[in-house]
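Visitor: I would like to learn how to read a model of this kind, feature by feature. Could we begin with one pair of facing residues and work outwards from there?

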Amino acid sequence: MFAIDLHAHTRFFHGHERAAELFDPLGVRLLTLAARYRELDGVALTNHDYYRPFGGLPVETIPGIEISTTKGHVLVVGPDPPTSTEPGTLTPHEVVEMAHERGCAAIVAHPYRNSTVREVGADFDAIEVNGKHPRTEEWVRTLAERNGLPLVGGSDAHYPVEVGRAYTRVDADVLTPGNVVEAIRDGRVEPAVRRGTFDQGVRRLYRRIHEGKDNLHRPKEESPGVGEPPQPED
């Protein structure tokens, strides 16, 4: 059994692409050092619409990319993700087809934050419990059960301090990108969310930062997250 964070970023910021690319070698080093400190066996590198491989790191890295589809974000992880995609141009169905052609898994990222990907009915391989919004976990579990899909966990870390706050337990003999994909498709995975004092503090800090940037749009009523909860079956 391996502990892998299936959703993490090597950069603190978006935009200014050249500066971001120059920062990536330092960012990935900090990210993987934090992953090792938090006793993870691996971490997926899932920058937005961009993948770049790195070597000589403290923990295993799984190739990946977070694709900005026409309906929201989809994680593609596995041996051969695309190296770049144009934000907002691919549909979720097109991303799933591309992921499968490349031997990768397609995962619905943070299904209740700024996304309607969960509603499109594409042939996804899993749904994510996101470390930024663990209070939506009950909704996500209901969604996964309704769609007959396994759950995985990812921190959605942009800062190294965030890595591992949600991760995935992967049942595999050897940790390789291909084995991770097979385990996801076979349902030999389960999400884990850290809810200790440290992680709660990181989440509060995250909310303050993004509320200041007006990036979080809370619903008027009290709820576990952004979005509408799954409706009961008729």
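Guide: Let us start with Ile-127, which stands opposite Leu-151 in S7. Please keep in mind throughout that this is a predicted model. From S6 the chain crosses through helix H3 (residues 137–147) to S7, and this β-α-β crossover is right-handed.

Visitor: How many bridges join S6 to strand S7, and in which direction do the two strands run, parallel or antiparallel?

Guide: Strands of a sheet pair through backbone hydrogen bonds, either parallel or antiparallel. In this case 4 bridges join S6 to S7 (residues 151–154), and the two strands run parallel. S6 also runs parallel to strand S5 (residues 105–108), to which 2 bridges join it, and there Ala-126 of S6 is the bridge partner of Ile-107.

Visitor: Are the residues of S6 buried or exposed, and which of them point one way from the strand?

Guide: Strand S6 (residues 126–130) is mostly covered, since 5 of its 5 residues are buried, where buried means under 20% relative accessible area. Ala-126, Glu-128 and Asn-130 point one way, while Ile-127 and Val-129 point the other way, and all are buried. Helix H3 lies across S6, S7 and S9, and its direction is at about 175° to that of S6.

Visitor: What is the order of the strands in the sheet as a whole?

Guide: The order is S7-S6-S5-S4-S3-S2-S1-S8-S9, an open sheet of 9 strands with mixed pairing. S7 and S9 stand at the edges, each with a single partner strand, so one side of each has no neighbour in the sheet. Neighbouring strands are turned by 35° against each other on average, with direction ignored.

Visitor: Which pairs of strands illustrate the mixed pairing?

Guide: For a parallel case, take strand S1 (residues 2–8) and strand S2 (residues 42–45), which are joined by 3 bridges, with Leu-45 in S2 as the bridge partner of Ala-8. For an antiparallel case, take S8 and S9, which are joined by 5 bridges, and where Val-170 stands opposite Val-189 in S9. Strand S9 (residues 189–193) is mostly covered, with 4 of its 5 residues buried.

Visitor: Turning to a helix, which residues of H2 are buried, and where do they lie around the axis?

Guide: In helix H2 (residues 92–101), the buried residues are Pro-92, Val-95, Val-96, Met-98 and Ala-99. They lie on the same side of H2, because they cover an arc of only 165° around the axis. The buried residues of H2 pack against strand S3 (60–68), strand S4 (73–77) and S5, whereas the face turned away from that buried side carries the exposed residues Glu-97 and Glu-101. Just after H2, Gly-103 takes a positive phi of about 75°.

Visitor: A loop residue can be read in a similar way, so where does Tyr-159 lie?

Guide: Tyr-159 lies in the loop between S7 and strand S8 (166–170). With a relative accessible area of 34%, Tyr-159 counts as partly exposed, because that class lies between the cut-offs of 20% for buried and 50% for exposed. It is also useful to set separation along the chain beside separation in space: Tyr-159 and Phe-13 are 146 residues apart along the chain, and their C-alpha atoms are separated by 9.4 Å.

Note on methods:
Residues are numbered from 1 along each chain as its sequence is written. This is a predicted model: local features need pLDDT of at least 70, side-chain atom pairs count only at pLDDT 80 or more; totals for chains, interfaces and linings use all residues. Side-chain values use heavy atoms; hydrogens and water are left out. Buried means under 20% relative accessible area, exposed over 50%, partly exposed in between (1.4 Å probe, protein chains only). Two strands pair if DSSP finds at least two bridges between them. A crossover is right-handed if, with the strands pointing away from the viewer, the path from the first strand over the helix to the second runs clockwise. The arc is that of the directions from the helix axis to the C-beta atoms. Contact means heavy atoms within 4.5 Å. Axes are lines fitted to C-alpha atoms, for helices over the stretch in contact, and angles run from 0 to 180 degrees between N-to-C directions.
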